[in-house]
Amino acid sequence: MGLLCGCSHAGLVDEGRRYFNNMSSVFSLTPTIEHYGCMVDLLGRAGLLDEAYNLIKTMPMKANSVVWGALLGGCRLHAHIQFAELVLKQLIELEPWNSAHYVLLSNIYSASQKWDEAAYTRSRMNEQGMKKIPGCSWIEVNGVVHEFLVGDKSHALSEKIYTKLDELAKELKLAGYVPTTDFVLFDIEEEEKEHFLGCHSEKLAIAFGLISTAPKDTIRVVKNLRVCGDCHEAIKLISKITERQIILRDNNRFHCFVDGSCSCKNYW
C-alpha cells in the first residue's frame, strides 16, 4: 500500500500499474479493497477517470466510500462534472450524512462557474442541516499553539498579521504572482475573490510565524483540510521571498516549501 500510495502522489502511473498487477501474478498476493483504492486514486489523479471507473466496476468486492471518494477527488482535480455527479450518487447512498461529498461537488461546479448548480448543492446540504467543516490552521511558537480560521481577526496580533500579509501581497505581485480566483467557491467579484484568497487560514498562520520567529527559523503549519491550489502557489513564492523553509501538513501530505518550490512537485 505504501508503494502504491507513493506512486499515486508522484504520478508514477505505469509503475503503479506494474506493482499492482505483480501482487497477484508474481507474489501470489490477493489485492484487498485498500489496494484497489490506491489504484483508483493513482488513476484519478492522473486524469485517467475512465480507467479508474472501469477498475471499480471489475473489482471482486463492492466499492466502499473510500474507493468512490478517491475517484471523486480525481473528478475535482480535472473538473469532470459528469463523472462527479455519477460518483456522488454512489457516495450519498453509502454515506448520506457526510457533508464532504456535497461540498466537493459544489466546489467542482464553482470552479467551472456553474453557480446555479453549486447553489443548489449547497441548499441540499442546508436542508439536511449539514455544515461544511471550516478550514483551520495551527502553528506552534514558543510552546504555544495558535489557531487561525479564514479571515480570522481574533488573534491578539491580528493587526500586525494583516500588515504582514499586505507586505507579502505587494512582494508577491512584484514576483509575478496572480491570484487563482477559481479556488474561491462563491460567485463574487474578482476583487473580493482575491481578498478571500489572501486571508486563508494557512496564510494567516504563516504571516504570524514570519513576525513571531527568528529570520532563519523554519515555519511549520498544520491544516485540517487540503491546501488550496492558490495558497500552494503563493507559499512557494513566500518561501523564496522570505528565504524561509515552510513546512505545511495538510490532510493529504507534507509540503516542504524551499526557495520557490515544493517537495510535492505540484502533484498532490
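This is a short dialogue on reading cysteines, a buried charge and a surface patch in a predicted model.

Colleague: Start with the cysteines. How many disulfides are there?

Modeller: A disulfide is a covalent bond between the sulfur atoms of two cysteines. The count here is 0.

Colleague: Why does Cys-7 not form a bond with Cys-5?

Modeller: Distance. Cys-5 holds the cysteine sulfur closest to that of Cys-7, but the gap is 9.4 Å, too far for a bond. The cut-off is 2.5 Å.

Colleague: And what rules out a bond for Cys-75?

Modeller: Distance again. The closest cysteine sulfur belongs to Cys-38, and it lies 18 Å away.

Colleague: Are Cys-7 and Cys-75 buried or exposed?

Modeller: Cys-7 is buried, at 4% relative accessibility. Cys-75 is buried too, with a relative accessible area of 0%.

Colleague: Now Glu-95. Where does it sit?

Modeller: Glu-95 is in the loop that joins α6 (81-94) to α7 (99-111).

Colleague: Which side chain of opposite charge is nearest to Glu-95?

Modeller: That of Lys-62, 12 Å away. A salt bridge needs the charged atoms within 4 Å. Glu-95 is buried and has no salt bridge.

Colleague: What polar contact does the side chain of Glu-95 make?

Modeller: It pairs with the side chain of Asn-98, at 2.9 Å.

Colleague: Last, the surface. Which residues form a nonpolar patch there?

Modeller: Val-26, Phe-27 and Leu-29. Together they have about 320 Å² of accessible area.

Colleague: Where is Val-26 placed?

Modeller: Val-26 lies in the loop between α2 (13-25) and α3 (33-45).

How values were computed. Residues are numbered from 1 along each chain as its sequence is written. This is a predicted model: local features need pLDDT of at least 70, side-chain atom pairs count only at pLDDT 80 or more; totals for chains, interfaces and linings use all residues. Side-chain values use heavy atoms; hydrogens and water are left out. Patches are made of residues with over 30% relative accessible area and no salt bridge: like charges are joined within 9 Å, nonpolar side chains (Val, Leu, Ile, Met, Phe, Trp, Tyr) within 5 Å. Accessible areas come from the Shrake-Rupley method with a 1.4 Å probe; for residues, only the protein chains shown count as cover. Helices (H or I, at least four residues) and strands (E, at least two) are DSSP runs, numbered from the N terminus. Buried means under 20% relative accessible area, exposed over 50%, partly exposed in between (1.4 Å probe, protein chains only). Lys and Arg count as positive and Asp and Glu as negative; His and the chain ends are not counted. A polar contact is a pair of N or O atoms within 3.5 Å; within protein, one must be able to donate a hydrogen and the other to accept it, and residues adjacent in sequence count only if both atoms are side-chain atoms.
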